[in-house]
Amino acid sequence: MGETVRYLEQWEKRRTMPLWREAFWEDTEEFLEYYYKEKSSDNRILVMEEGDRIVSMVHRNPYRLRLGGREADIDYIVAVATASDWRHRGYMRKLLLKMLNDMGREKMAFCFLMPADRRIYEPFGFAFIYDQEHWKLTKEAEQGLAKEKVDSDTAALAAEWMDRWLGQRYQVWAVRDKRYADRLLLELASENGWLELLYQKERPGGGPVGIRGWWGIGKTEQRLLLCGSEYREEQRSPCPAIMARIGDVKTCLELISLKKDSLLDRLEVTLHVEDRMCGWNQGTFLWKLDRRGSLVMEEAEGEENGMGGRGCLFITIEDLTQWIFGYRELEELADREELAACAKAAVPKEPVSRDRPGFDLGMRPGDAARHVQEESDQRTYREETVTIRWWLEIGVWKKVFLDEIV
């Protein structure tokens with residue numbers, strides 16, 4: 001019958017269970033039953049069929065992510081597998097390209113995954129954005145904190161605490177709500193595990209100070225730990241854990257704005273993005289930012305943009321991904337002259353603080369993008385002989401937590 005690439009209907013998703021058992025043989029039947037009852041209720045499973053057999057699959061599991069004060073629906077990619085007797089035929093490549101094309105059409109900002117092998121995903125434009133930290137309670141905290149198991153009655157409390165704790169420390173994380181907590185309880189239970197809230201013994205009636213999860217059949221292991229630094233210590237060094245891939249560059253960049261405390265009122269940056277896999281992301285873009293948001297416009301090759309001959313920052317999709325997630329600094333990816341030449345900024349007429357780390361005063365004109373004299377919103381702007389490290393004024397996502405996704 002030949003090969004077919006398609007998304008499965010809800011009623012037929014369990015047809016992928018044999019492939020899951022082969023590829024992820026360490027997972028228990030209890031976990032598999034949980035996954036196909038809970039997670040498959042709202043995910044999308046893209047498969048390659050040969051006749052009546054599913055020989056390759058990719059699962060797109062949806063999450064609501066908080067992103068620097070905004071929110072977006074983003075897919076977490078799991079269960080990427082091909083049957084052992086059907087490998088090395090390009091099936092997974094076809095699935096991943098189909099997935100990326102669909103994400104571009106859907107205007108999905110990006111997707112992310114935890115790779116078993118980075119070499120599978122790097123050819124498709126994925127890049128690491130998050131190093132996983134490994135914590136454990138200190139001996140004092142282990143002895144001094146009270147533990148209370150979470151159940152269906154306290155799941156909402158656990159979710160509220162997790163989301164608030166993450167929001168106080170990070171800019172990017174998956175929303176923790178009651179549904180998330182309920183699923184977490186079910187996932188842990190599928191491996192004989194549980195979730196527990198941590199309280200200070202000397203403050204009965206006080207709120208939680210942490211949350212911890214356990215699971216494991218045969219050997220119980222810590223699955224997660226969220227608590228303040230005063231209660232934990234490093235178990236082992238952080239290691240690269242999560243890779244991301246921009247789906248639609250315009251949608252992704254428009255989730256970002258200038259920092260709320262930026263001295264710039266407006267910023268325009270010209271980017272030329274190199275994306276060998278996704279043609280809709282390839283090209284030259286004008287990125288206009290202020291403190292409220294941003295707008296990305298595509299420019300025709302060689303088009304005059306009226307920006308005084310400003311240059312263009314050439315950047316690959318992988319480097320762009322790592323920069324906006326704060327994984328690498330832009331100065332690692334381009335030299336200062338190239339960065340300076342591709343931006344135009346507007347600064348309030350009030351004096352610029354010499355203590356501001358984003359500005360170097362006293363440089364000669366032409367070293368970098370210069371402020372322009374213009375009127376906007378009843379305000380005036382002045383030309384300054386300053387070098388603007390404009391990339392420090394953009395609110396990229398420096399603090400990311402994409403761990404313990406269930």
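# Strands, core and rings in a predicted model

User: How many bridges pair S5 with strand S12 (residues 232–246)?

Analyst: S5 and S12 pair in the antiparallel sense. Strands are DSSP runs of E (at least two residues), helices runs of H or I (at least four), both numbered from the N terminus. Two strands pair if DSSP finds at least two bridges between them. For S5 and S12, the number of bridges is four.

User: What pLDDT do side-chain atom pairs need to count?

Analyst: Residues are numbered from 1 along each chain as its sequence is written, and side-chain values use heavy atoms, leaving out hydrogens and water. This is a predicted model: totals for chains, interfaces and linings use all residues, local features need pLDDT of at least 70, and side-chain atom pairs count only at pLDDT 80 or more.

User: Which residue in S4 stands opposite Cys-111?

Analyst: S4 and S5 run parallel, joined by three bridges. With helix H3 (residues 91–106), they make a β-α-β unit. Its crossover is right-handed (clockwise from the first strand over the helix to the second, with the strands pointing away from the viewer). Opposite Cys-111 in S5 stands Asp-75.

User: Which residues of strand S5 (residues 110–113) are buried on the side opposite Phe-110 and Phe-112?

Analyst: Buried means under 20% relative accessible area, exposed over 50%, partly exposed in between (1.4 Å probe, protein chains only). S5 is covered on both faces. Phe-110 and Phe-112 fill one side; the other holds Cys-111 and Leu-113.

User: Which side chain makes a polar contact with that of Arg-245?

Analyst: Arg-245 lies in strand S12 and is the bridge partner of Cys-111. At a relative accessible area of 0%, Arg-245 is buried. A polar contact is a pair of N or O atoms within 3.5 Å, one able to donate a hydrogen and the other to accept it within protein; residues adjacent in sequence count only if both atoms are side-chain atoms. At 2.7 Å, the partner is Asp-275.

User: What distance joins the side chains of Glu-49 and Arg-6?

Analyst: Glu-49 sits in strand S2 (residues 44–50). It counts as buried because its relative accessibility is 7%. Its contacts (heavy atoms within 4.5 Å) beyond four places in sequence include Thr-4, Arg-15 and Ile-54. The polar contact with Arg-6 spans 2.8 Å.

User: Which strand gives the most to the largest nonpolar core?

Analyst: A nonpolar core is a set of buried Ala, Val, Leu, Ile, Met, Phe, Trp, Tyr and Cys residues joined through side-chain atoms within 4.5 Å. The largest has 123 residues, and Trp-323 and Trp-390 touch the most other members. With eight residues from the run 70–82, the top contributor is strand S4.

User: Are the rings of Trp-20 and Phe-24 stacked or edge-to-face?

Analyst: Rings of Phe, Tyr and Trp (its six-membered ring) pair if their centres lie within 6.5 Å; planes under 30 degrees apart are stacked, over 60 edge-to-face, the rest tilted. The structure holds 22 aromatic pairs. The centres of Trp-20 and Phe-24 are 5.3 Å apart and the planes stand at 65°, so the pair is edge-to-face.

User: What share of the protein chain is buried?

Analyst: The chain has eleven helices and 22 strands. Of its contacts with a separation of 6 or more, 72% join residues 24 or more positions apart. Among its 406 residues, the buried share is 53%.
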